[in-house]
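I opened this notebook to record what I looked up, step by step. The entries begin with a working term and then follow the chains.

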Amino acid sequence: MKITHDTWTSMLQAVPHHNRASRTSTDSDGQVTVVVKNIRPRYLRPPLSWIVAYQPERRIILDPLGGFVWTQCDGSRPVEAVVDQVATRYALTFHEARAAVTQYIQSLVQRGVLALVIPQTGACPP
Amino acid sequence: MPSDGGHGMTALPWEETLWNGIALSHPADWEMLQFSRNTTQGRCAFADRHSFRLELNWRRVSAPPDWDRMWSDYRSRLLQDGTTPGDSLSQGEWQGLAATGTTRWSRYFPDHGLLLELVFIWPDTRDSALESNVLESCMPALPNHGRAFGMDWLTPDHWQLAKGDIKPAQASLTFHDPGHACELRLSRQGLVSVWLTDSLHEWLMKQIGTCTPISPAAIHDEAGHSVTRLEASQAEPMRPWLMRRIAAAAWICPTDGRLYSRIIRKTVSRFRQAGPEPLPLIRLSCCSEFHGE
């Protein structure tokens, strides 16, 4: 048997939350922009900081799909429900939406605007 | 193209997949997440939303396997893995073996020299009715007829699937004829409202690349599908005595809202006197309302 149980179930059970320190704005075209504070790196001191400017904030502009995912990731529903919402809205199959949403969520987590809470007692498959 | 009915106790919508000359029906929410292009020996795996559910293995062999030895080897492997083999099973020509959480079935089709193996994975309890329906449906099919990733296609005989590029909402399959003079690219793309800003004609021209249109693009309406067709010629890189003849078509299916396209590239001699060679007969369809382009 070559198939092994994949670990996507644990990702589906995780609940995405916005970074509380982030600010969200939506312009007249519906484009969502998320602003999050940057931590000043320890090494960014004079004389290096005279050359490399410290950016106190980072702006992340989301495309329409990303904006929709962002609004769904408000801490009230697990990733699986977000996937279902995206699949319904964009007429995708579950796994198409899963791949797109989980990839997107991972990129938002890496950028520090989203956090994933993974249930401790989740019934993950072996 | 999900369908319903004909599957007895399991009242789920079902779907038929045709892949590499093998037909298989399964619940519509089982999606093919892994696949082989090799027609001689390969595998596909289907998953529902939470886990893999079915593995299909195939092998073209000239004689049936030594069943006793095959099942004995499988029992030994299960024991080595710490799994207790269960009862032997049979359904028609299918022979099987139950084990904890899985059932494995095998059948040889002598007329096609094809050995098929199905491995079901049961995360909860075994569904015998579902299993029986899948087994009944699994059989050799026309090798040039495929149905997967939301597309239904028919290619000339002996064409090979050279490349399968499957991404979320973006499936593309490339076929070659045996002499590699013809290339066919079929694609199906979702999220069209998000990324398509051009007309279908402009989008097709971008897909083809630099080319000289042979005739103006034509739009043909059939069963609510507005198909943009384009014929063009293209220079063959490094071989100036050859050129490519291109026939392309694209449409957005009103049923699923996806963009389907079919691009045929045929390499021909520039000096051919007898007029353009006919392009091969190929069909791509998207839904039951539209019989294909």
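Entry 1, a working term. I take a residue as buried when its relative accessible area is under 20%, as exposed when that area is over 50%, and as partly exposed in between. I note that the model is a predicted one.

Entry 2, the ring pair between the chains. I searched the whole structure for aromatic pairs and found 13 over all chains. I then looked up the pair A:W8 and B:F52: the ring centres are 5.6 Å apart and the planes stand at 65 degrees, so I logged the pair as edge-to-face. Planes over 60 degrees apart are what that label requires. I placed A:W8 in helix 1 of chain A and B:F52 in strand 5 (residues 52-60) of chain B, so the pair joins two chains. Are these two residues buried or exposed? I found both A:W8 and B:F52 to be buried.

Entry 3, a ring pair within chain B. I recorded B:F35 and B:F149 as a further edge-to-face pair, with 5.5 Å from centre to centre and 65 degrees between the planes. I located B:F35 in strand 3 (residues 31-35) of chain B, and B:F149 in the loop between strand 11 (145-148) and strand 12 (151-154). The two are 114 residues apart, and I noted that the pair links distant parts of the chain. I checked accessibility next: B:F35 has 25% and therefore counts as partly exposed, whereas B:F149 has 17% and therefore counts as buried. I also traced a cluster, linked by ring pairs, that consists of B:W19, B:F35, B:F149, B:W153 and B:F175.

Entry 4, the interface. I counted 22 residues of chain A in contact with 24 residues of chain B. Between them the two chains bury about 2,000 Å², and 61% of this area is on carbon and sulfur atoms. How many salt bridges cross the interface of chain A and chain B? I obtained 3 by the rule. I looked up the one between B:R258 and A:E96, where the closest N and O atoms are 2.6 Å apart. For polar contact between chain A and chain B, I counted 12 residue pairs, both residues being at pLDDT 80 or more.

Entry 5, the chain A side. I asked which helices of chain A each supply at least two residues of the side that touches chain B. I listed helix 1 (8-13), helix 4 (79-90) and helix 5 (94-110). Helix 5 of chain A gives the most to this side, with 6 residues. Sorted by class, I found 11 nonpolar, 5 polar and 6 charged residues on the side of chain A that touches chain B.

Entry 6, chain B as a whole. I counted 4 helices and 20 strands in chain B. Its C-alpha trace spans about 65 × 40 × 30 Å along the principal axes. Of the 293 residues in chain B, I found 48% to be buried. Among contacts in chain B with a separation of 6 or more, I attributed 46% to residues 24 or more positions apart.

Entry 7, a residue in strand 1. I placed B:W14 in strand 1 (residues 14-19) of chain B. Its relative accessible area is 1%, so I entered B:W14 as buried. I noted that B:W14 and B:P27 are 13 residues apart in sequence, with 4.3 Å from C-alpha to C-alpha in space.

Terms used. Residues are numbered from 1 along each chain as its sequence is written. Chains are lettered from A and ligands numbered from 1 in the order in which they are written. This is a predicted model: local features need pLDDT of at least 70, side-chain atom pairs count only at pLDDT 80 or more; totals for chains, interfaces and linings use all residues. Side-chain values use heavy atoms; hydrogens and water are left out. Contact means heavy atoms within 4.5 Å. Buried area is the accessible area (1.4 Å probe) that two parts lose on being put together, summed over both. A salt bridge is a side-chain nitrogen of Lys or Arg within 4 Å of a carboxyl oxygen of Asp or Glu. A polar contact is a pair of N or O atoms within 3.5 Å; within protein, one must be able to donate a hydrogen and the other to accept it, and residues adjacent in sequence count only if both atoms are side-chain atoms. Ala, Val, Leu, Ile, Met, Phe, Trp, Tyr, Cys and Pro count as nonpolar, Asp, Glu, Lys and Arg as charged, and the others, Gly among them, as polar. Rings of Phe, Tyr and Trp (its six-membered ring) pair if their centres lie within 6.5 Å; planes under 30 degrees apart count as stacked, over 60 as edge-to-face and the rest as tilted. Buried means under 20% relative accessible area, exposed over 50%, partly exposed in between (1.4 Å probe, protein chains only).
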